[in-house]
Amino acid sequence: MPVVVTGADGVLGRAVVDALLGSGPVEVRATVRTPSAARELIELGVKTAVSDLLDPERLGAVLEGAHTVVHLHGAEPLDTLELLLDAAEDTGLRRIITVTSGHLPPPG
């Protein structure tokens, strides 16, 4: 059951990757913004792509066959959700989890 973590080069993203790696046999994939961040994750066995959400073909390739994506990219992940949804089309992705570290306004 492959799980993709977007923004895995951030503090929260790296914590999610580490938690997934420690949780048992799961294929972890990640997107990062810089090659230096990718090297460290690759050494841990994480399939890693240097990409952003503006490249739907590359992101779609990362999502192909994945069960879940944990979306942490950017300060406001909900702002980039449409880009993620476009990239996920026809990949078989079943679940998207979005996480924001910012403060959300109170409801209604």
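Two strands pair if DSSP finds at least two bridges between them. The exercises below apply this rule and others to a predicted model.

**Exercise 1. The sheet**

Task: Determine how many bridges join β1 to β2, and in what order the strands of the sheet stand.

Solution:
- Step 1. β1 and β2 are joined by 3 bridges and run parallel. The rule asks for at least two bridges, so the two strands count as paired.
- Step 2. One residue of this pairing is Val 5, whose bridge partner in β2 is Ala 30.
- Step 3. The sheet is open, has 5 strands with parallel pairing, and follows the order β3-β2-β1-β4-β5.
- Step 4. β3 and β5 are the edge strands; each has a single partner, so one side of each lacks a neighbour in the sheet.
- Step 5. From one strand to the next, the twist averages 15°.

In general, strands of a sheet pair through backbone hydrogen bonds, in either a parallel or an antiparallel manner.

**Exercise 2. Helices on the sheet**

Task: State which strands α1 touches, and at what angle α2 runs to β3.

Solution:
- Step 1. Helix α1 packs on the sheet and touches β1, β2 and β4 (68-71).
- Step 2. The direction of α1 makes about 160° with that of β1.
- Step 3. Helix α2 lies across β2 and β3, and its angle to β3 is about 175°.

**Exercise 3. The nonpolar cores**

Task: Identify the residues of the largest nonpolar core that touch the most other members, and the elements that each supply at least two residues.

Solution:
- Step 1. The largest core has 14 residues, of which Val 5, Ala 8, Val 17, Val 32, Leu 41 and Val 46 touch the most other members.
- Step 2. At least two residues of this core come from each of β1, α1 (11-21), β2 (28-32) and α2 (35-43).
- Step 3. A second core, separate from this one, has 12 residues, including Val 4, Leu 63, Val 69 and Ala 88.
- Step 4. Beyond its neighbours within four places in sequence, Val 32 is in contact with several residues, among them Ala 8, Leu 41 and Val 50.

**Exercise 4. Buried or exposed?**

Task: Classify Thr 6 and Arg 94 as buried or exposed.

Solution:
- Step 1. A residue is buried under 20% relative accessible area and exposed over 50%.
- Step 2. Thr 6 belongs to strand β1 (residues 3-6). Its relative accessible area is 0%, so Thr 6 is buried.
- Step 3. A polar atom of the Thr 6 side chain lies 2.8 Å from the backbone nitrogen of Leu 72.
- Step 4. Arg 94 is located in the loop between α4 (81-88) and β5 (95-98). Its relative accessibility is 68%, and therefore Arg 94 is exposed.
- Step 5. Setting aside residues up to four places away in sequence, Arg 94 touches Ala 66 and His 67.

**Exercise 5. Salt bridges**

Task: State how many salt bridges there are, and describe those of Asp 9 and Glu 27.

Solution:
- Step 1. The count is 5 salt bridges.
- Step 2. Asp 9 pairs with Arg 33, their closest N and O atoms being 3.7 Å apart. Asp 9 lies in the loop between β1 and α1, and Arg 33, 24 residues apart from Asp 9, in the loop between β2 and α2.
- Step 3. Glu 27 forms a salt bridge with Arg 29 at 2.6 Å, N to O. Arg 29 is buried, at 12% relative accessibility, whereas Glu 27 is partly exposed, at 27%.
- Step 4. Glu 27 also meets Lys 47 in a salt bridge, at 3.6 Å. This pair links the loop between α1 and β2 to strand β3 (residues 47-50).
- Step 5. Through shared partners, salt bridges join Arg 14, Asp 18 and Glu 40 into one network.

Notes
Residues numbered from 1 in each chain as written. Predicted model: local features only at pLDDT ≥ 70, side-chain atom pairs only at ≥ 80, totals over all residues. Heavy atoms only, no water. Helix = DSSP H or I, 4+ residues; strand = E, 2+ residues; numbered from the N terminus. Buried < 20%, exposed > 50% of the residue type's maximum accessible area, 1.4 Å probe, protein only. Contact = heavy atoms within 4.5 Å. Polar contact = N/O pair within 3.5 Å; in protein donor to acceptor, adjacent residues only side chain to side chain. Core = buried A, V, L, I, M, F, W, Y, C linked by side-chain atoms within 4.5 Å. Salt bridge = Lys/Arg side-chain N within 4 Å of Asp/Glu carboxyl O. Axes fitted to C-alpha atoms, helices over the stretch in contact; angles between N-to-C directions.
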